[in-house]
Amino acid sequence: MAYNNIIFEITDQIATITINRPKALNALNTEVLNELLHAVESVAADEEIRVLILTGSGEKAFVAGADIAELAELNSLGAKFFAVTGHKTMDAIGSLAIPVIAAVNGFALGGGLELALSCDFMYASENAKFGLPEITLGIIPGFGGTQRLSRIIGKNRAKEMIFTGKMISAQEAAQMGFVNQVVPAETLMETVRKTASAMASKGKFSLNQAKQTINQGLDVDLQTGCRMEIDAFALCLSSEDAAEGTRAFLEKRKPAFKGKLKG
Ligand code: CO8
């Protein structure tokens, strides 16, 4: 598929998808969402890729939301279809087997924040701004914001952000716990890539099991989550990567993890 609205690159087993509609501050219309879903599915199908980075082009915006011009034309069924398309894309990102980092380089508003929330974690530039301003348009978040944000920062803080539609700074977002690190804009990608490389050097299977156990464990009670951890731990320990990791430690060398997810 030829992409008109995203840039898809792979370097050193790290894929980067850049939303590239700077004239509309990278707003998500149906075409962008479909291209994004296609690229994410390509990442899922490629065993060589170990980490995905999502970012926005230009210096101003990560993604300034769903495309308001497209939203304004939708009837009720069209709105449902658009919301389903967005959820499908966010779910595909959230359920990727590998770690996904959002490099938030500017405005992450509405659907843009929802996109970043579907990633495993976010790093942000100092100039980044976050918000779910849908209420100011007479609507509500429709790409998972009511659910994902409240699960991360708690329902009362999420309600305040959603009910007021206010924008907050990257520092405030970090204090609330949904941004992991805030760095100067010019060092954002370098910092994100450093973390991505650190993860890419780890075992793909153990990373995947850690991600799945954390994500699925949050949806169940503690005892069930701990039983899931026991099973995942046992699976990891019997993997090719665990044999390499433990052997490398005993031989006082760096491990070379080559294990695959699909055997
Ligand atoms: N959609 C479409 N175009 C946009 C969007 C957007 N979300 N955001 C910015 N643009 C366009 C502007 O219209 C403008 O275009 P033009 O130059 O042709 O007039 C261009 O980008 C630059 O924007 P501004 O001139 O407004 O730039 P400023 O620096 O003055 O302001 C802001 C930057 C504060 C980010 C401002 O652009 C803004 O408030 N944008 C809208 C933010 C917003 O409300 N986002 C939420 C959208 S709703 C949503 O995301 C719902 C998700 C769930 C959907 C569920 C489906 C049913």
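How much area does the chain expose, and what share of it do carbon and sulfur atoms supply? In this predicted model, the exposed area comes to about 13500 Å², and carbon and sulfur atoms account for 57% of that. On the inside of the ledger, buried residues make up 46% of the 263 residues.

As for the overall build, the chain carries 11 helices and 10 strands. Its radius of gyration is 19 Å, close to the 18 Å that the globule rule gives for 263 residues, so the chain is as compact as a globular protein of that length. Along the principal axes, the C-alpha trace spans about 60 × 40 × 35 Å. Contacts reach well along the sequence: of those with a separation of 6 or more, 69% link residues 24 or more positions apart. Charges come as 26 positive and 29 negative, and their mean positions sit 4 Å apart.

Zooming in, strand E2 (residues 14–19) is a good place to look at the packing. E2 is mostly covered, with 6 of its 6 residues buried. Ile14, Thr16 and Thr18 point one way from the strand, while Ala15, Ile17 and Ile19 point the other way.

E2 has partners in both senses. With strand E1 (residues 6–11) the pairing is antiparallel, over 6 bridges, and Ala15 of E2 is the bridge partner of Ile10. The hairpin of E1 and E2 leaves 2 residues between the strands, and Asp12 there takes a positive phi near 50°. With strand E3 (residues 51–56), E2 pairs in the parallel sense, again over 6 bridges; here Thr16 stands opposite Ile53.

How values were computed. Residues numbered from 1 in each chain as written. Predicted model: local features only at pLDDT ≥ 70, side-chain atom pairs only at ≥ 80, totals over all residues. Heavy atoms only, no water. Helix = DSSP H or I, 4+ residues; strand = E, 2+ residues; numbered from the N terminus. Rg over C-alpha atoms; globule rule 2.2 N^0.38 Å. Buried < 20%, exposed > 50% of the residue type's maximum accessible area, 1.4 Å probe, protein only. Contact = heavy atoms within 4.5 Å. Areas by Shrake-Rupley, 256 points an atom, 1.4 Å probe, with all protein chains shown as cover. Lys, Arg positive; Asp, Glu negative; His and termini not counted. Charge placed at Lys NZ, Arg CZ, Asp CG, Glu CD. Pairing = 2+ DSSP bridges.
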